[in-house]
Amino acid sequence: MRLVFAGTPEVAVPALDALIASERHEVVAVVTRPDAPAGRGRRLVASPVAERAEEAGIEVLKPNRPRDEEFLARLREIGPDCCPVVAYGALLPRVALDIPARGWVNLHFSLLPAWRGAAPVQHAILAGDEITGASTFLIEEGLDSGPVFGTVTEEVRPTDTSGDLLTRLAFAGSGLLAATMDGIEDGTLQAVPQPADGVSLAPKLTVEDAQVDWAAPALRVDRVVRGCTPAPGAWTVFRGERLKLVAARPLPGEAGLAPGDLAVGKNHVHVGTGSHAVELLWVQPQGKKPMRAADWARGVRIAPGERLGAADVR
């Protein structure tokens, strides 16, 4: 089939690579989000998908909106058979959905109908799911509600951050998407409607969602830190400023600290929660690089009675 691939972030690149490598299909163009400001200089930078497509000599389309008439006209000219999608980042209007004969097929990082929405991996970790996966489905106008072609499963490991899990799913899902294209092309694969039961939603996490509540149980604190790493980044407050929490671990045998209270040793920083303590492993103060929590504690000289989680933030 002639394919137009739609995707934007780094997590979409393995799927693009798998389709470029396919001997059965041709990626004739890529659709991605417009260049965005990045870095300290805030200069415009092409998306990872755009960079990979340009390396491969593939035409790149960067519409401001996928309903722009210039983009739709070019898509009609190309005449794709199917449009595979991975984390494109914009809603596709009906007029665009109708262009490819075999439709738009999305690789979504959950076992649908669980975790429909923008942040399925983060929500799977926050919810304590032990198994998750990826699904390919035919895009409709509803939110991730289209019929499913196939799935792969993936174990959620106890120490997984959302970044760790998403990386593994990106590679496992790339094979699933390529196999889905094969099955659609040869007629051996039929999409099956999603069940009505088991629907859960995974909206994008906000900075407010990522604030750690030290009165919550240690298990919840651990899930928030892992689920919000690397983005939007779990955080707390220390001396009126935000302190990013990069890595932590529960300490089931450690009790006796009130929520937010600190116990600092030569090589450790423990914090009280609503149950047992957690150990901070890596933190990132404002304007600085990530550092070991014990090094941070030595540098700021924590005084007796100081704690994490005060309400005032500068």
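These numbered points go through the sheet, the helices packed around it and a few loop residues of a predicted model.

1. The sheet. Seven strands make up an open sheet of mixed pairing, and their order across it is β5-β2-β1-β6-β7-β8-β9. The edges are taken by β5, at residues 59-61, and by β9, at residues 148-155, each of which pairs on one side only. From one strand to the next, the twist averages 20°.

2. A parallel pair within the sheet. Strand β1, covering residues 2-7, pairs with strand β6, covering residues 83-86, in the parallel sense and over two bridges. When looking for this pairing in the structure, one can start from Ala-6, whose bridge partner in β6 is Val-85.

3. Helices against the sheet. Helix α6 packs on the sheet and touches β1, β6, β7 (104-108), β8 (131-138) and β9, and its direction makes about 155° with that of β9. Helix α2, formed by residues 48-55, lies across β1, β2 (26-31) and β5, and it runs at about 155° to β5.

4. Helix α6 itself. This helix spans residues 162-186, which gives it 25 residues, and the distance from its first C-alpha to its last is 35 Å, close to the 36 Å expected at 1.5 Å a residue. Just after α6 comes Gly-187, which takes a positive phi of about 80°.

5. How α1 meets α2. Two packed helices are described by the angle between their axes and the distance between the axes. Helix α1, made of residues 13-21, packs with α2 at an angle of about 25°, and the two axes are 10 Å apart. Because an angle under 35 degrees counts as roughly parallel, α1 is roughly parallel to α2. The crossing of these two helices, α1 and α2, is right-handed. On the α1 side the contact is made by Val-13, Leu-16, Asp-17 and Ile-20, and on the α2 side by Pro-48, Val-49, Arg-52 and Ala-53. The residues of this contact divide into six nonpolar, no polar and two charged.

6. How α1 meets α6. Here the packing angle between α1 and α6 is about 40°, with the axes 8 Å apart, and α1 passes α6 in a right-handed crossing. From α1, the residues Pro-14, Ala-15, Ala-18 and Leu-19 take part, and they meet Ala-170, Phe-171, Ser-174, Leu-177, Ala-178 and Met-181 in α6. In this contact of α1 with α6, nine residues are nonpolar, one is polar and none is charged. As background to both lists, an α-helix has 3.6 residues a turn, so residues three or four places apart point the same way.

7. Ser-200 and the loop it touches. Ser-200 is found in the loop between α6 and α7, the latter at residues 218-227. Leaving aside residues up to four places away in sequence, Ser-200 touches Pro-113, Ala-114, Trp-115 and Arg-116. The C-alpha atoms of Ser-200 and Trp-115 are separated by 4.8 Å, although these two residues are 85 residues apart along the chain.

8. Backbone points in the loop after β7. Pro-113 is placed in the loop between β7 and α5, where α5 covers residues 120-126, and the peptide bond leading to Pro-113 from Leu-112 is cis, with omega near 15°. Trp-115 also lies in the loop between β7 and α5, and it has a positive phi of about 55° although it is not a glycine. A colleague inspecting this loop should keep in mind that Pro-113 and Trp-115 are both among the residues touched by Ser-200.

9. A further cis peptide bond. Ala-231 and Pro-232 are joined by a cis peptide bond, for which omega is about 5°. Pro-232 lies in the loop between α7 and β10, a strand at residues 235-238.

Technical notes: Residues numbered from 1 in each chain as written. Predicted model: local features only at pLDDT ≥ 70, side-chain atom pairs only at ≥ 80, totals over all residues. Heavy atoms only, no water. Helix = DSSP H or I, 4+ residues; strand = E, 2+ residues; numbered from the N terminus. Expected span 1.5 Å × (residues − 1). Pairing = 2+ DSSP bridges. Axes fitted to C-alpha atoms, helices over the stretch in contact; angles between N-to-C directions. Contact = heavy atoms within 4.5 Å. Parallel < 35°, antiparallel > 145°, perpendicular 65-115°, else oblique. Left-handed = near helix turned anticlockwise from the far one by under 90°. Nonpolar A, V, L, I, M, F, W, Y, C, P; charged D, E, K, R; others polar.
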